[in-house]
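Reader: I have a model to go through. Please take me through the labels and the reasons behind them.

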Amino acid sequence: MAEPHPGPAKNLQAHPDATVGLVGGPRPVRGRAATGDERSRLWARWREIDKNLHGYAALRSSGTAVVVLMPRSVTWLRDDS
């Protein structure tokens, strides 16, 4: 089986500013790779959610990127009503 394409992680490395679609509408975010203890903690949590994660990761010849998306602006978190 062919190795999954690492496109989204590579795209975020080159262009960390992105927009994600959420139920409440699109949100501007900035992506970065998780490393060290943060990556380990997030990977462990991801494994709890997705029991097939190791199977997917085994298809790759290199490590699987864990990406953190943070809001570029927190103004959308405020409730001005």
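Author: What follows covers an aromatic pair and a sheet in this predicted model.

Reader: How many aromatic pairs does a search of the whole structure find?

Author: The search finds one. Its rings belong to W43 and W46.

Reader: Why is the pair of W43 and W46 called edge-to-face?

Author: Two values describe such a pair: the distance of the centres and the angle of the planes. The ring centres of W43 and W46 are 5.4 Å apart, and the cut-off for pairing is 6.5 Å. Their planes stand at 75°. Edge-to-face needs over 60 degrees, so the pair is edge-to-face.

Reader: What separates W43 and W46 along helix 2?

Author: About one helical turn, because the two are three residues apart in helix 2 (residues 36-49).

Reader: Is W43 buried or exposed?

Author: W43 has a relative accessible area of 11%. Buried means under 20%, so W43 is buried.

Reader: What makes W46 partly exposed?

Author: W46 has a relative accessible area of 34%. Partly exposed lies between 20% and 50%, so W46 gets that label.

Reader: Now the sheet. What is the order of its strands?

Author: The order is 1-2-3, in an open sheet of three strands with antiparallel pairing. Strand 1 (17-22) and strand 3 (67-71) are the edge strands, as each pairs on one side only. From one strand to the next, the twist averages 45°.

Reader: How do you know that strand 2 and strand 3 pair?

Author: Pairing takes at least two bridges. Strand 2 (residues 25-33) and strand 3 have five, in the antiparallel sense, so they count as paired. In strand 3, P71 stands opposite V29.

Methods
Residues are numbered from 1 along each chain as its sequence is written. This is a predicted model: local features need pLDDT of at least 70, side-chain atom pairs count only at pLDDT 80 or more; totals for chains, interfaces and linings use all residues. Side-chain values use heavy atoms; hydrogens and water are left out. Rings of Phe, Tyr and Trp (its six-membered ring) pair if their centres lie within 6.5 Å; planes under 30 degrees apart count as stacked, over 60 as edge-to-face and the rest as tilted. Helices (H or I, at least four residues) and strands (E, at least two) are DSSP runs, numbered from the N terminus. Buried means under 20% relative accessible area, exposed over 50%, partly exposed in between (1.4 Å probe, protein chains only). Axes are lines fitted to C-alpha atoms, for helices over the stretch in contact, and angles run from 0 to 180 degrees between N-to-C directions.
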